[in-house]
Amino acid sequence: MPSRKALVRRPSPRLAEGLVTHIEREPVDTALALAQWETYTATLREHGWETLEVEPEDDCPDSVFVEDAVVVFRNVALITRPGAEPRRAETAGVEQSVARLGASVNWVWDPGTLDGGDVLKVGDTIYVGRGGRTNAAGVQQVRAAFEPLGARVVAVPVSSVLHLKSAVTALPDGTVIGYEPLVDTPSLFPRFLPVPEESGAHVVLLGGSSLLMAASAPKTAELFADLGHDPVLVDISEFEKLEGCVTCLSVRLRDLYM
């Protein structure tokens with residue numbers, strides 16, 4: 001049976017110190033961020049997902065972005081080696097969580113770097129962003145981990161945003177969506193749909209036609225509704241100030257052998 005578990009991690013009290021790369025730093029309201037995180041996790045549960053909290057890392061400001069610490073394909077978990085050295089302490093707790101769930105655990109090794117936010121899975125195709133946080137050796141180690149399981153790994157250049165999934169995600173039918181000014185090579189995707197807002201490029205597939213997405217993309221939500229989807233909007237404004245989006249606040253485990 002497909003699993004419907006989602007790893008999440010409570011925001012660090014030092015969240016406001018999180019890294020920013022492509023945007024100007026803004027003040028972050030940590031109390032509001034915690035309330036937004038609680039609404040986000042409650043929304044997952046309301047749509048049939050069991051949320052599993054990874055042990056908090058209070059000394060790691062970016063640890064709430066739990067998706068960056070691991071990539072899971074079928075029953076194999078690849079523990080990442082984040083491109084930003086201060087974030088590497090975030091992976092140990094995530095490793096413990098996926099191991100407890102019965103995943104087979106592999107690791108990215110030096111000189112490879114990989115952030116989970118650079119990995120977009122569409123069926124058996126795994127797109128890996130090659131840019132600021134993920135290097136060529138990291139892409140190669142994704143291939144080594146997942147191609148024996150039947151995956152096809154495609155490297156995608158990323159230059160204008162933090163991660164590949166800052167630029168593109170995918171709808172339930174596999175259509176890749178993105179805010180075109182930030183997508184280096186839309187032609188790499190067999191089906192590409194441009195969206196009118198940057199934060200509209202980020203969706204989490206909740207099941208059926210439901211799409212979890214940021215409240216900051218109302219025009220894109222209207223577009224998706226016109227296409228027959230059911231947008232579920234959450235306010236994640238404090239995480240957007242740190243280049244976060246709806247995808248990076250959880251790791252959705254759909255294919256674990258249960």
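## Aromatic pairs, cysteines and cavities

W107 is partly exposed, with a relative accessible area of 36%. The model is a predicted one, and the exercises below are worked on it.

**Exercise 1.** Determine how many aromatic pairs the structure holds, and classify the pair formed by W107 and W109.

*Solution.* Step one is the count, which gives five aromatic pairs in the structure. Step two takes W107 and W109, whose rings are 6.0 Å apart centre to centre, with 45° between the planes. Because planes under 30 degrees apart count as stacked and those over 60 as edge-to-face, the pair of W107 and W109 is tilted. Step three adds the surroundings: W109 counts as exposed, at 56% relative accessibility, whereas W107, at 36%, is partly exposed.

**Exercise 2.** Classify the pair of F189 and F192, and find the cluster to which these rings belong.

*Solution.* The ring centres of F189 and F192 are 6.4 Å apart and the angle between their planes is 20°, so that, with the stacked class set at under 30 degrees, this pair is stacked. Ring pairs then join F189 and F192 with Y127 in a cluster. As for accessibility, F189 counts as buried, with a value of 4%.

**Exercise 3.** Establish how many disulfides the structure has, and examine C60 and C248 in turn.

*Solution.* The search of the whole structure returns zero disulfides. For C60, the nearest cysteine sulfur belongs to C248 and lies 16 Å away; C60 counts as buried, at 7% relative accessibility. For C248, the nearest cysteine sulfur is that of C245, at 4.2 Å. Because a disulfide requires sulfur atoms within 2.5 Å, C248 is in no disulfide, and with a relative accessibility of 7% C248 counts as buried.

**Exercise 4.** Describe the largest cavity and the second largest cavity by volume, and each lining by residue class.

*Solution.* Two cavities of 30 Å³ or more are found in the structure. The largest encloses about 120 Å³ of space, and among its 18 lining residues the closest to the centre are D68, L162, H163, E243 and C248. Sorted by class, the lining of the largest cavity comprises six nonpolar, five polar and seven charged residues. The second largest cavity has a volume of about 50 Å³, and its lining includes V156, P157, L164, D184 and F189. Two or more residues of that lining come from each of β8 (152-157) and α4 (164-167). By class, the lining of the second largest cavity has ten nonpolar residues, one polar and one charged.

How values were computed
Residues numbered from 1 in each chain as written. Predicted model: local features only at pLDDT ≥ 70, side-chain atom pairs only at ≥ 80, totals over all residues. Heavy atoms only, no water. 1 Å grid on protein atoms, 1.4 Å probe; cavity = no way out; pocket = protein on both sides within 12 Å on 5 of 7 lines; lining within 4 Å. Points joined across faces, edges and corners; volume = space filled by probe spheres on them. Nonpolar A, V, L, I, M, F, W, Y, C, P; charged D, E, K, R; others polar. Helix = DSSP H or I, 4+ residues; strand = E, 2+ residues; numbered from the N terminus. Phe/Tyr/Trp six-rings, centres within 6.5 Å; stacked < 30°, edge-to-face > 60°. Buried < 20%, exposed > 50% of the residue type's maximum accessible area, 1.4 Å probe, protein only.
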